[in-house]
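Hello,

Here is the structure I promised to pass on to you. Have a look at it first, and then read on for what I found.

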Amino acid sequence: MKKVIHAACPHDCPDACGVLITIDDGRATRIQGDPAHPVTRGFLCAKVAKYLDRVYSPDRVLYPMRRIAPKGPDTARVGTVAPGRPGGAELRSAFKRISWDEALNEIASRFKQIAAEFGSEAILPYSYGGTLGVLNGASMDRRFFHRLGASQLDRTICSMAGEAGLKSVLGVKLGTEPEQFVHSRYIIAWASNIHGNNVHLWPFIVEARRQGAKLVVIDPYRTRTAACADWYMPINPGTDAALALSMMHVIIGENLHDADYVEHHTIGFRELREKVQQYPPERVAQWTGISASDIRKLAREYATVRPAVIRVNDGIQRSEGGGMAMRAVTMLPCITGSWKEVGGGLQYATSGAFALALDKATLARSDLMIKALGRPARIINMVELGKVLNQPPDPPVKALLVYNSNPAAVCPDHNAVIRGLKRPDLFTVVHEQFFTDTTDYADIVLPATTFFEHKDLQGAYGHYFLQMSNQAIEPLGECRSNVDLFRALADRMGFHDECFRESVDEMIDAALKSNHPWLQGIDRQRLEAEGHVRLNLAAAAELRAAGQPRAAVPTCYETAPFLPFAEGDFGTASGKAEFYSEALKSQGLDPAVQFTPPGESRHSEQAQAFPLELLARKADNFLNSTFSNLPAIQNMEESGLLELNAVDAGARGISDGDTVKVFNRRGEVLLRARVDGAVPPGVVSAHLHWAKLSSGGRNINVLTSQKLTDMGNSATFYSVLVEVELFQPASTGK
Ligand SMILES: Nc1nc2c(c(=O)[nH]1)N[C@H]1C(S)=C(S)[C@@H](COP(=O)(O)OP(=O)(O)OC[C@H]3O[C@@H](n4cnc5c(=O)[nH]c(N)nc54)[C@H](O)[C@@H]3O)O[C@H]1N2
Ligand SMILES: Nc1nc2c(c(=O)[nH]1)N[C@H]1C(S)=C(S)[C@@H](COP(=O)(O)OP(=O)(O)OC[C@H]3O[C@@H](n4cnc5c(=O)[nH]c(N)nc54)[C@H](O)[C@@H]3O)O[C@H]1N2
Ligand code: SF4
Ligand SMILES: [Mo]
């Protein structure tokens with residue numbers, strides 16, 4: 001019997017697509033984008049279009065496993081420049097199948113023993129973006145670790161600098177809805193690889209351009225998006241704050257700002273006006289590599305061609321000054337007043353609108369931690385895993401429970417991370433769908449379901465539709481969802497609190513009952529029936545005027561365009577867009593805004609030994625490290641490349657196809673040179689991949705650092721200096 005199930009793609013991607021899965025006799029036979037979802041519009045990205053290959057891959061982890069070999073990858077398989085895919089059986093040879101009972105007993109007894117000897121904070125959860133499903137992302141797991149009194153993980157690896165920068169101006173993570181981009185006439189994709197990482201925004205831009213819109217791309221790497229742009233501006237990495245400040249220098253200097261909006265809805269304009277004096281285009285050209293005349297032209301066009309919208313993305317905030325960069329860019333629509341216009345404003349993330357009851361009393365239950373410890377548990381920054389495992393804090397980390405993440409691939413300073421994970425005294429449990437780089441260091445591996453195999457509620461960070469992701473098929477093998485894993489572990493640990501018995505539906509109901517007006521009229525039954533529902537968005541002013549929340553009727557961007565800051569109503573303490581921030585001042589940061597060249601950049605001392613700026617980027621067809629082990633996806637993505645400019649290649653005697661050594665003080669990797677015009681002189685680029693599928697068993701993160709950003713304590717994947725030398729000419733290799 002055939003049926004079609006509505007689900008939602010839970011991968012860490014702004015698009016959060018609505019998905020239709022066809023089931024035939026209990027087996028999924030087809031996946032497609034939901035044509036009824038206004039942002040998905042019936043298509044999926046290339047990687048998820050092939051998701052049946054992932055769900056039914058012969059390499060899935062299907063049973064609990066215990067390690068029977070020393071920690072580390074099977075060394076016979078690494079060491080070649082173009083390694084093949086690991087066979088499931090080979091990877092499993094380091095493990096022996098055990099029952100769930102044995103696995104849970106062993107974990108519970110090791111956790112108890114470690115907690116007794118070192119305190120419960122010697123146990124560390126490690127999770128990030130495997131699934132963004134509300135429940136499988138953060139619910140039972142949080143309850144479990146709170147009740148246990150484990151260390152807390154500061155989840156900073158992705159976007160905390162950007163969030164801090166954005167919120168320092170707006171106070172809240174809201175932005176222009178993607179559908180409104182059709183009305184824009186000037187679109188800036190700022191550090192935003194729309195074709196690769198946010199492909200469902202693209203059709204709206206295509207439509208806007210058909211109506212005459214101009215697309216400008218600001219990115220040091222010539223992405224596929226840049227190649228399609230009307231105007232592509234390569235920028236030196238980590239210099240975006242200077243560019244935005246210089247644009248404001250021109251806009252304010254030429255009186256192109258919206259004085260009325262500024263007066264009524266912002267604070268600190270006087271300080272900002274003073275600050276931008278330091279950033280005339282001629283000075284900023286030297287940092288950014290963009291000519292003064294181009295900076296002037298960009299500023300004038302942005303301020304006068306209306307509506308103008310900025311799609312700014314995470315690339316600018318993976319630099320040492322990432323917080324300030326996002327802060328500066330966020331000020332632009334606040335000085336031009338473009339928040340007033342349909343198709344204006346800025347989008348970084350929309351996630352602040354999903355006002356679910358996620359916190360304390362409901363899903364995460366942080367009160368259990370206070371009950372367990374009498375205080376909040378210590379907090380460990382996930383970016384510093386290498387440091388934490390090698391220079392043990394007190395108490396040391398003695399156990400790691402990894403789920404929704406692949407730290408042995410994605411964490412910066414890979415060599416330090418691996419040194420730590422190899423520690424024989426570290427008890428590591430990994431809940432996974434595949435035998436990843438991280439399971440290579442696990443004592444116990446547990447099988448995890450994919451989104452086909454469990455139910456969840458799904459928000460988004462690139463649109464405003466809440467979705468129900470229904471379960472399409474039974475779990476394969478003995479796979480369990482994150483929710484079920486932590487429920488079982490709680491039971492085994494003897495945690496008998498009521499909350500560990502809550503069902504998935506009960507938790508969804510609770511999450512939806514936040515009483516926020518934007519969730520009014522949206523309940524589980526409606527989501528189950530409709531699949532996706534647009535939030536009941538209304539700007540704060542509109543709510544006030546109406547005296548009450550909008551009625552729960554279906555709305556869309558045309559009947560009720562969401563203009564969150566059209567009349568101010570910012571989420572800051574002052575209620576205004578803050579160009580001057582007391583909170584930043586108290587953190588020792590510039591309360592206005594400033595540009596500081598990154599410590600690892602062409603402008604720094606270190607550039608003498610390591611003169612090239614490395615962008616350790618994401619692959620268009622992988623999702624961070626996810627998908628990179630699947631043959632169907634590998635066929636779409638050439639890995640193991642170092643892209644470099646002809647100038648830098650020539651100076652080092654390197655030709656396209658040669659094997660090169662890329663190195664700095666933290667490590668080295670061998671890659672294949674690709675001289676293709678993707679990067680300007682002084683910049684090189686490579687992408688993230690599984691380490692064990694890379695040459696020498698090491699991936700690009702051996703070169704990245706654990707240094708944190710100026711705001712938000714985030715990772716600095718894009719502030720990295722390296723040197724490159726010829727290792728083996730292509731001709732001798734063949
Ligand atoms: N296909 C695909 N999609 C993905 C992901 C993936 O791995 N693959 N990852 C997902 C995740 S976790 C996230 S956080 C989002 C992130 O998606 P994006 O926010 O798009 O983040 P990045 O790809 O890191 O960076 C975007 C662009 O910024 C550029 N960039 C780097 N440094 C600078 C700089 O200093 N200035 C400027 N102006 N640009 C710079 C990069 O070259 C890149 O093209 O994408 C999600 N979607
Ligand atoms: N060099 C470099 N490094 C980077 C980045 C970069 O751009 N360059 N990007 C950084 C960014 S932005 C991010 S967000 C991080 C991402 O870091 P991670 O969140 O660790 O991302 P993934 O590599 O996608 O690994 C997620 C893992 O979760 C597993 N998984 C999926 N669903 C489930 C589930 O339901 N349950 C369980 N238990 N497991 C599941 C997947 O199989 C996968 O192995 O990487 C960061 N690292
Ligand atoms: S990864 Fe992103 S674009 Fe691809 S299906 Fe999932 S949500 Fe859509
Ligand atoms: Mo991310």
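Six residues of domain 1 touch six residues of domain 2. Please keep in mind as you read that this is a predicted model. The area buried between domain 1 and domain 2 comes to about 390 Å², and carbon and sulfur atoms account for 50% of it. On the domain 1 side, three residues stand out: Y461, G462 and Y464 provide 72% of what domain 1 buries against domain 2, more than any other three residues. If you want a sense of the spacing, the C-alpha centres of domain 1 and domain 2 are 39 Å apart.

To find your way around, it helps to have the bounds at hand. The domain assignment splits the protein into domain 1 (59–157 + 383–507), domain 2 (176–348 + 567–586) and domain 3 (605–726). Notice that domain 1 and domain 2 are each written as two stretches of the chain, while domain 3 is written as one.

Now to the ligands. Where does ligand 1 lie? Domain 2 and domain 3 both contribute residues to its shell, so ligand 1 sits between these two domains. There are 33 residues around ligand 1, and those that come nearest are D219, N313, D314, F622 and Y718. Sorted by class, this shell holds 15 nonpolar, nine polar and nine charged residues. Two elements that each supply at least two residues of the shell are α8 (194–197) and β22 (612–617).

Some polar atoms around ligand 1 are worth picking out on screen:

- F622 has a polar backbone atom 2.6 Å from a nitrogen atom of ligand 1.
- D240 places a polar side-chain atom 2.7 Å from a nitrogen atom of ligand 1.
- I218 has a backbone N or O atom 3.2 Å from a nitrogen atom of ligand 1.

How much of ligand 1 does the protein cover? On its own, ligand 1 has 910 Å² of accessible area, and the protein covers 99% of that.

Ligand 2 has its own place. Domain 1 and domain 3 both give residues to the shell around ligand 2, so it lies between those two domains. Among the 33 residues around ligand 2, S405, E432, A616, S625 and T626 come nearest. By class, the ligand 2 shell has twelve nonpolar, 16 polar and five charged residues.

Here are side chains to look for around ligand 2:

- N701 has a polar side-chain atom 2.8 Å from a nitrogen atom of ligand 2.
- K618 has a side-chain N or O atom 2.9 Å from a nitrogen atom of ligand 2.
- Q433 has a side-chain N or O atom 3.1 Å from a nitrogen atom of ligand 2.

Taken alone, ligand 2 exposes 920 Å², and the protein buries 98% of it.

Finally, a few backbone details to look up. Which peptide bond leading into P307 is cis? The bond from R306 to P307 is, with omega near -10 degrees, and P307 belongs to the loop between α15 (292–304) and β12 (308–312). The bond from D394 to P395 is also cis, with omega near -5 degrees, and P395 is in the loop between α19 (385–390) and β15 (399–403). N624 is not a glycine, yet N624 has a positive phi of about 50 degrees. You will find N624 in the loop between β22 and α27 (631–634).

Enjoy exploring, and write back with any questions.

Best wishes

Terms used
Residues are numbered from 1 along each chain as its sequence is written. Chains are lettered from A and ligands numbered from 1 in the order in which they are written. This is a predicted model: local features need pLDDT of at least 70, side-chain atom pairs count only at pLDDT 80 or more; totals for chains, interfaces and linings use all residues. Side-chain values use heavy atoms; hydrogens and water are left out. A residue is near a molecule or strand if one of its heavy atoms lies within 4 Å of it. A polar contact is a pair of N or O atoms within 3.5 Å; within protein, one must be able to donate a hydrogen and the other to accept it, and residues adjacent in sequence count only if both atoms are side-chain atoms. Accessible areas come from the Shrake-Rupley method with a 1.4 Å probe; for residues, only the protein chains shown count as cover. Helices (H or I, at least four residues) and strands (E, at least two) are DSSP runs, numbered from the N terminus. Ala, Val, Leu, Ile, Met, Phe, Trp, Tyr, Cys and Pro count as nonpolar, Asp, Glu, Lys and Arg as charged, and the others, Gly among them, as polar. Domain bounds come from an automatic or database domain assignment. Contact means heavy atoms within 4.5 Å. Buried area is the accessible area (1.4 Å probe) that two parts lose on being put together, summed over both.
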